[in-house]
Amino acid sequence: MANISNIRGTESKSLRKKLKSAKDAAMNDLKLQAYELGVNAIIGLDLDYTMFGDTIVGVIISGTANN
């Protein structure tokens with residue numbers, strides 16, 4: 001469906017939902033890691049998406065731990 005949307009220039013609701021879900025999972029994982037390290041905050045947050053082929057999306061999230 002995303003390929004058809006790309007050709008037509010429209011937005012794929014299905015793709016948007018999957019990207020949001022992946023972003024939320026990555027953010028929750030980062031929060032858990034920060035909690036386990038005992039940090040007070042995460043600063044300089046960076047979020048990137050990458051594609052592996054036509055169907056697999058990777059989410060990369062990083063930040064600096066601040067005590």
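User: Which residue stands opposite alanine 41 in β2?

Analyst: In this predicted model, alanine 41 faces asparagine 66 of β2. That pair belongs to a wider pattern: β1 and β2 run antiparallel to each other and are joined over 10 bridges.

User: And how should I picture the side chains along a strand?

Analyst: In a regular strand, side chains alternate between the two faces of the sheet.

User: What happens at glycine 53 in the hairpin of β1 and β2?

Analyst: Three residues lie between the two strands of this hairpin, and glycine 53 there has a positive phi near 75°. Glycine 38, which follows α2, also has a positive phi, near 75°.

User: Let's turn to the helix, then. How many residues does α2 have, and how far does it reach?

Analyst: Helix α2 covers residues 13-37, which is 25 residues, and spans 36 Å from first C-alpha to last, close to the 36 Å expected at 1.5 Å a residue.

User: Which residues of α2 are buried?

Analyst: Start with the general idea: an α-helix has 3.6 residues a turn, so residues three or four places apart point the same way. Here the buried residues of α2 are Ala26, Leu30 and Ala34. Their cover includes β1 (41-52) and β2 (56-66).

User: How does that fit into the whole chain?

Analyst: The chain has two helices and two strands, in the order α-α-β-β from the N terminus. Of its 67 residues, 12% count as buried. The accessible surface is about 5500 Å², with 54% of that belonging to carbon and sulfur atoms.

Note on methods:
Residues numbered from 1 in each chain as written. Predicted model: local features only at pLDDT ≥ 70, side-chain atom pairs only at ≥ 80, totals over all residues. Heavy atoms only, no water. Helix = DSSP H or I, 4+ residues; strand = E, 2+ residues; numbered from the N terminus. Buried < 20%, exposed > 50% of the residue type's maximum accessible area, 1.4 Å probe, protein only. Areas by Shrake-Rupley, 256 points an atom, 1.4 Å probe, with all protein chains shown as cover. Expected span 1.5 Å × (residues − 1). Contact = heavy atoms within 4.5 Å. Pairing = 2+ DSSP bridges.
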